[in-house]
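Hi everyone, thanks for coming. I'd like to walk you through one structure today, so please have a look at the screen.

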Amino acid sequence: MAYNLLKGKKGIIFGALNDMSIAWKVAEKAFEEGAEFILTNTPVSMRLGTVDKLAEKCNTIVVAADATKNEDLENLVQIAMEKYGKLDFVLHSIGMSPNVRKKLPYDKLNYEYYHKTLDISALSFHKTISILKKNHAMNDWGSIVALSYVAAQRTLYGYNDMADAKSLLESIARSFGYIYGRESKVRVNTISQSPTMTTAGSGVKGIDGLMDFTERMSPLGNATAAECADYCITMFSDLTRKVTMQNLFHDGGFSSMGMSLRAMTQYNKSLEIDTEFG
Ligand SMILES: NC(=O)c1ccc[n+]([C@@H]2O[C@H](COP(=O)([O-])OP(=O)(O)OC[C@H]3O[C@@H](n4cnc5c(N)ncnc54)[C@H](O)[C@@H]3O)[C@@H](O)[C@H]2O)c1
C-alpha cells in the first residue's frame, strides 16, 4: 500500500545491482511513493547487474559513477540538478572489501585493499555529501541515508575490515550531520540493517549460520530488504524531519539482545552433541 509519502520529492539512489539489492527495493518503494530519482552504479556493476531493468520500471535513467571518484560524483550531481533542480533525498547503499573477496583475515590484511575498502564503503559517503553541499544540491530538510551494520559497534566473526568501514561511515554521518544540519537543515543518518541475502551479503563469511543466529536472537526476527526499504522511505519523508546524526538499528531487536531462548535452545543442542562425541 502506498501513502504518497515522497510525492514531489527528487533524489539519487546509489547501489542497485540486481533485484536482491537493498537499493533496488528502496527504488521500487520510492517510485511507488511518488518520488522521482536517478539511479547510479559503477560502469562494471551496470554491465554485470540488471539496473537498466529497474530504471525502465521506475521511468528513470542510470548514470555511471564510481563513488570513490570526485569527478564522477560531480558529473552525477550536475545531471541530477539539471533534471530536477534541488534534491530531497540520497541513498548511499555501497559496500565492498577486496580483503573479504580475497579471503584475507583481519590480522593479515593487504593494506592497499584495506584503503580500497575504506574508500569505497565509507569515504565515498563523505565525498558524496561534500559534493552535494558544495553544489547547494539539497533542499532544506533534505535527507541523506547510508546503510550500515552492527559490526560497527560489536565484533562479529568474519566481517573483517568492513567493520572498520562501517564505524567510519557512522562517524561521517554524525560529523556531517552537524555541519549540514546547522547550515541547511539537511539530515544525515545511517540505518543499521539485519544480515540480508544480497550479492554483498553473500560475501560475508558464514552468512547462512549468521542469519539463522540473528533470526533466533531477534524478538521480531531478521529485517528483510523490503522492510529496510520501508524504513528508508520514512527517513526520506517529512515525517522524520528532526531525526539526524543517528545510527538507527533496523534489526528486529538484535542489537539490544544478549541471549534469547531460541538461540540458547539451539546452543544447548550443540553442547549435547559435543558431549555425546566428546
Ligand atoms: N546484505 C547485508 O547483509 C547488509 C547488512 C547491513 C548493511 N548492508 C549494507 O547495505 C548496502 C548495500 O548492500 P547490499 O546488501 O544491497 O548488496 P549489493 O551487492 O546489492 O550492493 C552493493 C552495491 O555497492 C556498489 N558499489 C561497489 N563499489 C562501488 C563504487 N566504487 N561506487 C559505487 N557503487 C559501488 C555495487 O555495485 C553494488 O550495487 C551496503 O552498504 C552493505 O554494506 C548490507
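I'll start with the sheet, go on to the helices packed on it, and finish at the ligand. Please keep in mind that this is a predicted model.

So, in what order do the strands of the sheet come? Reading across, you get β3-β2-β1-β4-β5-β6-β7, which makes 7 strands in an open sheet with parallel pairing. At the edges we have β3, residues 62-64, and β7, residues 247-250. Each of those two has a single partner strand, so one of its sides has no neighbour in the sheet. On average, neighbouring strands are turned by 20° against each other, ignoring direction.

Let's zoom in on one pair. Strand β1, residues 10-14, runs parallel to β2, residues 36-41, and 5 bridges join them. If you look at K10, you'll find E36 of β2 standing opposite.

Now the helices. Helix α9, residues 225-236, packs on the sheet and touches β1, β4, β5, β6 and β7. Its direction makes about 165° with that of β6. Then there is helix α6, residues 111-134, which lies across β4, β5 and β6. Relative to β4, helix α6 runs at about 165°.

Finally, the ligand. Which residues are closest to it? Those are S21, S45, G95, A200 and G201, out of 27 residues that surround the ligand. Two elements give two or more residues to this shell: helix α1, at 22-32, and strand β5, at 138-148. Sorted by class, the shell has 14 polar residues, 12 nonpolar and 1 charged.

That's my tour, and I'm happy to go back to any view you like.

Definitions and conventions
Residues are numbered from 1 along each chain as its sequence is written. This is a predicted model: local features need pLDDT of at least 70, side-chain atom pairs count only at pLDDT 80 or more; totals for chains, interfaces and linings use all residues. A residue is near a molecule or strand if its C-beta atom, placed from the backbone, lies within 6 Å of it. Helices (H or I, at least four residues) and strands (E, at least two) are DSSP runs, numbered from the N terminus. Ala, Val, Leu, Ile, Met, Phe, Trp, Tyr, Cys and Pro count as nonpolar, Asp, Glu, Lys and Arg as charged, and the others, Gly among them, as polar. Two strands pair if DSSP finds at least two bridges between them. Axes are lines fitted to C-alpha atoms, for helices over the stretch in contact, and angles run from 0 to 180 degrees between N-to-C directions. Two residues are in contact if their C-beta atoms, placed from the backbone, lie within 7 Å.
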